[in-house]
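Thank you all for coming; I would like to walk through one model with you, going from a single residue outward to the core and then to the parts that deserve caution. Please have the sequence and the structure open while I talk.

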Amino acid sequence: NTRTQSNRLVRIMASNSSSDTLVKVAVGVAAAAAVAYIYYRLNKEPAEKFDIQKFTDSLTARKVGRELISYNTVESTMPLVKKVFKERGVQGHGTVIIAERQTQAIGRRNRSWTANPGNLYVSLVYAREGMSQMECIETLLKLNVSIGVAIAQACSDEGVKVKVKWPNDVWVGNKKLAGILVDGIDNNGGVAGFGINVGSANLSTNLTNAVTSVNAELGRKVCREELLAAICNHIENLMMLSFKDVLARYKSFDMLVGR
């Protein structure tokens, strides 16, 4: 490590008066220290903490995101949001849970992936009383599509040219940017989770496709709080529309149109 290299330099200076040797060793120590610092910044230094107040200041939605629960590290946000749904039912509608890291992040078809810090890992409750089984199914389908459109619209507003596929994935060209998962729980609704590569590209252990991030596409840093607030605003507005109107919005981002 850097301290060991420094001690080595002191010992050499004490036993060797050659200026050339001292210069070479000093350069070596400086290089080692620089490498250690860069490694720390990239791998050890925690990402900037999510600013809840900044998020709230950008939020216009009445329900979605008004209650936000933030964690540093969790296995996955999905079990946590399911617990909120089961304990609070429709009273928990709109609750959003986020985490900086997920140690056991799972997507569709039980695909695992590395949840790096600096991105958005989000789960939310969507619940409404008085729905029939078919109404609930349609609501959750609309929620799935709406989240895809909301992510696409918010990223497009930042300047990223995105498309939605299936509609559980958001892509930039042939690179994956975000993924969506929706789970029904009972006739009152269900929960949804989505992950968006904002500051770094997460790597799936089961996915060979290339990945990208919002910051990488733009060449600048975007505000995670404002991005998530925009997505929550779009989700709430889209869910107030008919499914037909939501699908019309989806078509403008549909990756498979014309194929």
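Let me begin with a term: a residue is called buried when its relative accessible area is under 20%. What we are looking at is a predicted model, and the residue I take up under that definition is Ser123, which has a relative accessible area of 0% and is therefore buried. Ser123 has its place in strand β3, and its side chain makes a polar contact with the side chain of Thr77, at 2.6 Å. If we leave aside the neighbours within four places in sequence, Ser123 is in contact with Thr77, Met78 and Val81, with Thr95, Val96 and Ile97, and also with Ala192 and Gly193.

Let me turn now to the strands β5, β6 and β7. Strand β5, residues 169-172, and strand β6, residues 175-186, run antiparallel and are joined by four bridges. The two form a hairpin with two residues between them, and Gly173, in the turn, has a positive phi of about 65°. Strand β6 is in turn joined by eight bridges to strand β7, residues 189-196, and this pair also runs antiparallel. Here again there is a hairpin with two residues between the strands, and Asp186 stands opposite Gly189 in β7.

Within β5 I would single out Val170, which stands opposite Ala178 in β6. Is Val170 buried or exposed? With a relative accessible area of 0%, Val170 is buried. Its contacts, again without the neighbours within four places in sequence, include Gly148, Ile151, Val162, Val164, Leu177 and Ala178. As for Gly148, the two residues are 22 apart along the chain, while their C-alpha atoms are separated by 6.9 Å.

That leads us to the nonpolar cores. In soluble globular proteins, nonpolar side chains tend to be buried together. The largest nonpolar core in this model has 51 residues, and those with the most contacts inside it are Ile151, Phe194, Ile196, Leu228, Ile231 and Ile235. At least two residues of this core come from each of β2, β3, α5, β5, β6, β7, α7 and α8, and the largest share, 11 residues, comes from α5. Ile151 touches Val170, Ala178, Ile180, Phe194, Ile196 and Ile231, residues up to four places away in sequence not being counted. There is also a second, separate core of eight residues, among them Val84, Ile97, Val125 and Val191.

How many aromatic pairs does a search of the whole structure find? The search finds one, namely Phe50 and Phe55, whose ring centres are 6.0 Å apart and whose planes stand at 50°, so that the pair is tilted. Phe50 is buried, with a relative accessible area of 5%, and Phe55, at 0%, counts as buried as well.

Finally, a word about confidence. The protein chain averages a pLDDT of 84, and 75% of the residues score at least 70. However, pLDDT stays under 50 over residues 2-7, for which the model has six contacts beyond four places in sequence, and it stays under 50 over residues 34-46, for which there are four such contacts. Where pLDDT is low, the predicted coordinates should not be read in detail.

Note on methods: Residues numbered from 1 in each chain as written. Predicted model: local features only at pLDDT ≥ 70, side-chain atom pairs only at ≥ 80, totals over all residues. Heavy atoms only, no water. Pairing = 2+ DSSP bridges. pLDDT = per-residue confidence, 0-100. Contact = heavy atoms within 4.5 Å. Core = buried A, V, L, I, M, F, W, Y, C linked by side-chain atoms within 4.5 Å. Buried < 20%, exposed > 50% of the residue type's maximum accessible area, 1.4 Å probe, protein only. Polar contact = N/O pair within 3.5 Å; in protein donor to acceptor, adjacent residues only side chain to side chain. Phe/Tyr/Trp six-rings, centres within 6.5 Å; stacked < 30°, edge-to-face > 60°.
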